[in-house]
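Me: Please give me a close look at one part of this model. Begin with a single residue and its backbone, then work outward from there.

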Amino acid sequence: MASPSKAGAALAALREDLVGDVFAPGDPGYDEARAVFNAMIDRRPAVIAQCADPADVVRAVRFGRDLDLRIAVRGGGHSVAGTALGDGALVVDLRRMHRVTVDPAAEAVRVEGGATMSHLDRATQPYGLATTGGRASTTGVGGFVLGGGTGWLDRSFGLAVDNLLGVELVTADAERVHANADENPELFWALHGGGGNFGVATALTLRLHELPEFSVVLLMFLPPLGPDVVRAFREIIRTGPDEVSGAVLYVTGPPEEFTPPELVGKLVCAVLLTYAGGEDGLRELAGPLLALPHEAELAGDMPYADVQCMLDDPPGQRNYWSAEYLSGLPDDLVDVFCARADSMPVPTSTQHILFPQGGAIAAGPHEYPVPYRDAPWAAHPFAIWTDPADDERAVSWVRDVRAGVRPWSTGAVYLNFIGDEGPERVRAGLGAGNALRLQKVKRRYDPDNVFRFNHNIRPV
């Protein structure tokens, strides 16, 4: 570490040189600047550099290297593991860099590294274009895409990373590089699932697809009907087109107009069907679910960007998530999944989620480090609560769900869905066969493992 005098002089110079703002402990706004989505994360960085442009990112990384600081990167700050922060580290905060530039003729979009799904989806919607995004509008685009990227459109358009055309990156040496199929192709390969291990992504270019209409059906059922709901949903996915997706979710009945008053605050089984098409086609597909006795129904054409906000949860709650990717969805597994809802923390914002893959995900390029591609289903226990007294109960429930469905697990996992579950789970998220190749790319671009606040790939 640098001497206090050198560190003080360097910080003063950074404050002077950076177009954006710089925060250090004791500064007004420091605590606000270090707050992230998951309230369980309480870390105190040495410096937070809120960068205004790529040149600011270069200045910040150079500052961090000069002082031998580890560097965390904040895009959306949505990681359950809190990877946007590190105690005593430099945080390169990209939130001011959220410009989205749509090229409708090329059906492509350039997204700056601090943009969220809402920035992306609102920008592309006027053109009738979209690309696979996360299931919450507040998720940061950069971390989402570089980690793989699954959402309501992935069965139609592939994983987000399948639509990655190029990345603009600042490396650990404070160098600006481009990566695409022709330029730095090995780095480009590693960025297809390797996350933030290789530098700061200041912008990404993504392929867009035509999406002239989008529709949803949301139904609520009493919990005992859960197994019938899952089986009906399973049949719709099995026989329907790739344009249909969605999830079965056990949730606490929300205080919304469409929720019957007697279900508000109580456990309900909900199903959300999404469709890259119009309401009439979706209603026909949803027939087996609509035929089941349900307590609430919401259906219709809806702008995709609005659907992206349907499952948003406010920041500042406590979060613990995980996932298991499944080899199939036999009846025994359906029963196990539904039974785990009985011990779900209620009333909280927790969601007990089962969603399909297949379609364009399974048909996509298999050379990238996304080993969960071939799993047809995924279980995603997503605990969200407010009272620290519920920590043990919520975390135990997530682990119980994983244990219950593990006999059907493929062993692979989507790393954006998990916190710090150890190095073996990181290998499961990258694919054991990809490990050495990824480590060599890491050695080329970050030999000192400066970017380690992530699902870390160690250089070799």
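Reply: Asn 449 lies in the segment after H16, where H marks a helix and E a strand (DSSP runs of H or I over at least four residues, or of E over at least two, numbered from the N terminus). This is a predicted model, in which local features need pLDDT of at least 70 and side-chain atom pairs count only at pLDDT 80 or more, while totals for chains, interfaces and linings use all residues. Residues are numbered from 1 along each chain as its sequence is written, and side-chain values use heavy atoms, with hydrogens and water left out.

The backbone at Asn 449 has a positive phi of about 55°, although this residue is not a glycine. Asn 449 is also buried, at a relative accessible area of 7%; buried means under 20%, exposed over 50%, and partly exposed in between, with a 1.4 Å probe and protein chains only.

Asn 184 also has a positive phi, near 50°, and is likewise a residue other than glycine. Its place is the loop between strand E9 (176-179) and helix H7 (185-190). With a relative accessible area of 28%, Asn 184 counts as partly exposed.

Another backbone feature is found at Pro 347: the peptide bond leading to it from Val 346 is cis, with omega near 0°. Pro 347 sits in the loop between H12 and strand E18 (351-356).

A glycine can be followed in the same way. Gly 158 belongs to the loop between helix H6 (154-157) and strand E8 (164-170). Its relative accessible area is 2%, so it is buried. Beyond its neighbours within four places in sequence, Gly 158 is in contact (heavy atoms within 4.5 Å) with Thr 132, Leu 153, Asn 163, Ala 360 and Ile 361. For Gly 158 and Thr 350, the separation is 192 residues in sequence and 27 Å in space, C-alpha to C-alpha.

Next comes the nonpolar interior. In soluble globular proteins, nonpolar side chains tend to be buried together. A nonpolar core is a set of buried Ala, Val, Leu, Ile, Met, Phe, Trp, Tyr and Cys residues joined through side-chain atoms within 4.5 Å. The largest one here has 77 residues, and those with the most contacts inside it are Leu 164, Leu 187, Phe 198 and Tyr 325. Leu 187, apart from residues up to four places away in sequence, touches Leu 169, Val 177, Ala 179, Phe 198, Val 441 and Tyr 445. A second core is separate and holds 42 residues, among them Leu 282, Ala 286, Leu 326 and Ala 394.

The charged side chains remain. Side chains of opposite charge can pair when their charged atoms come close. With a salt bridge taken as a side-chain nitrogen of Lys or Arg within 4 Å of a carboxyl oxygen of Asp or Glu, the count comes to 28.

One of these salt bridges joins Asp 56 and Arg 59, with the closest N and O atoms 2.7 Å apart. Both residues belong to helix H3 (residues 54-66) and are three residues apart, about one turn of the helix. Asp 56 is buried, with a relative accessible area of 0%, whereas Arg 59 is partly exposed at 30%.

A salt bridge also connects the side chains of Asp 306 and Arg 122, at 2.8 Å from N to O. This pair links distant parts of the chain, 184 residues apart: Asp 306 is in helix H11 (residues 304-307) and Arg 122 in helix H4 (residues 117-124). Asp 306 is partly exposed, with a relative accessible area of 31%, and Arg 122 counts as partly exposed at 37%.

Arg 231 and Asp 335 meet through their side chains in a salt bridge of 2.8 Å, N to O. Here too the pair links distant parts of the chain, with Arg 231 in helix H8 (residues 226-239) and Asp 335 in helix H12 (residues 331-339), 104 residues apart. Relative accessible area is 23% for Arg 231, which is partly exposed; Asp 335 counts as partly exposed at 37%.

Some charged residues join in a wider arrangement: Glu 324, Arg 402, Arg 406, Glu 421 and Arg 425 are linked in a network of salt bridges.
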